[in-house]
Amino acid sequence: MLRSLVGSEMCIRDRKELDYDPEHHVTHQIIQACARVEPRVLTAAVIKAQVGYRPFREGGIRVELEDTGGAQVVIHNYGHSDYGMGVCWGCAFEVVELLQTHLDT
């Protein structure tokens, strides 16, 4: 039995309202694209189609340490939008550096 998770992303910044209902034609396009790599996905059952949006932040990515004044700190790391996979390692290293600097003080 073929078990797989296939997905895709589209950058849509101009929409005023976000629609979380999957569109059949988009699901079909994703399956067709994945079938070029693994043809068996064409005969696999679609158990669930889901829509998700990557948050976009007007001010760009936020990677910042917030001192809450107590024993805990909050490190913000969000707003990556559709280029999150491209910048995730750099942001992760920056988070570690922020935490290490905080712990060293």
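A residue counts as buried under 20% relative accessible area, as exposed over 50%, and as partly exposed in between. Hold on to those cut-offs. Ile-61 has a relative accessible area of 30%, so Ile-61 is partly exposed.

One caution before we go on. This is a predicted model.

Let's start with the overall layout. The chain has two helices and two strands. Along the sequence, the pattern reads α-β-β-α. There are 105 residues, and 13% of them are buried.

Now helix H1. It covers residues 24-35, which makes 12 residues. What span should we expect? The expected span is 1.5 Å times one less than the number of residues. For H1 that comes to 16 Å. The end C-alpha atoms are 16 Å apart, so the model agrees with the expectation.

Which residues of H1 are buried? They are Val-26, Thr-27, Ile-30, Ile-31 and Ala-35. Keep one general point in mind as you look at that list. An α-helix has 3.6 residues a turn, so residues three or four places apart point the same way.

Back to Ile-61. It sits in the loop between H1 and strand S1, and S1 runs over 62-67. Ile-61 is also part of a nonpolar patch on the surface. Its partners there are Phe-56 and Tyr-83. Together the three have about 250 Å² of accessible area.

Where is Tyr-83? In the loop between strand S2, residues 73-78, and helix H2, residues 84-104. Is Tyr-83 buried, exposed or in between? Its relative accessible area is 35%, so it is partly exposed.

Stay in that loop for a moment. Ser-81 is also found between S2 and H2. Ser-81 has a relative accessible area of 8%, which means it is buried. Now look at Arg-57. Ser-81 and Arg-57 are 24 residues apart in sequence. In space, their C-alpha atoms are 7.5 Å apart.

Here is another such pair. Ile-61 and His-76 are 15 residues apart in sequence. From C-alpha to C-alpha, they are 9.4 Å apart in space.

On to His-76 itself. It belongs to strand S2. Its relative accessibility is 15%, so it counts as buried. What does its side chain contact? The side chain of Glu-66, in a polar contact of 2.6 Å.

Next, charges. How many salt bridges are there? Two. In one, Glu-38 pairs with Arg-40, and the closest N and O atoms are 3.0 Å apart. Glu-38 is partly exposed, with a relative accessible area of 27%. In the other, the side chains of Glu-64 and Arg-62 meet at 2.7 Å, N to O. Glu-64 is partly exposed too, at 37% relative accessible area.

Last topic, the cysteines. A disulfide is a covalent bond between the sulfur atoms of two cysteines. How many does this structure hold? Zero. Take Cys-88. Its nearest cysteine sulfur belongs to Cys-91, and that atom is 7.9 Å away. Why is that no disulfide? Because a disulfide needs the two sulfur atoms within 2.5 Å. As for its surroundings, Cys-88 has a relative accessible area of 29%, so it is partly exposed.

To recap, then. The chain follows the pattern α-β-β-α. The structure has two salt bridges and zero disulfides. Phe-56, Ile-61 and Tyr-83 form a nonpolar patch on the surface.

Methods. Residues are numbered from 1 along each chain as its sequence is written. This is a predicted model: local features need pLDDT of at least 70, side-chain atom pairs count only at pLDDT 80 or more; totals for chains, interfaces and linings use all residues. Side-chain values use heavy atoms; hydrogens and water are left out. Patches are made of residues with over 30% relative accessible area and no salt bridge: like charges are joined within 9 Å, nonpolar side chains (Val, Leu, Ile, Met, Phe, Trp, Tyr) within 5 Å. Accessible areas come from the Shrake-Rupley method with a 1.4 Å probe; for residues, only the protein chains shown count as cover. A salt bridge is a side-chain nitrogen of Lys or Arg within 4 Å of a carboxyl oxygen of Asp or Glu. Helices (H or I, at least four residues) and strands (E, at least two) are DSSP runs, numbered from the N terminus. Buried means under 20% relative accessible area, exposed over 50%, partly exposed in between (1.4 Å probe, protein chains only). A polar contact is a pair of N or O atoms within 3.5 Å; within protein, one must be able to donate a hydrogen and the other to accept it, and residues adjacent in sequence count only if both atoms are side-chain atoms.
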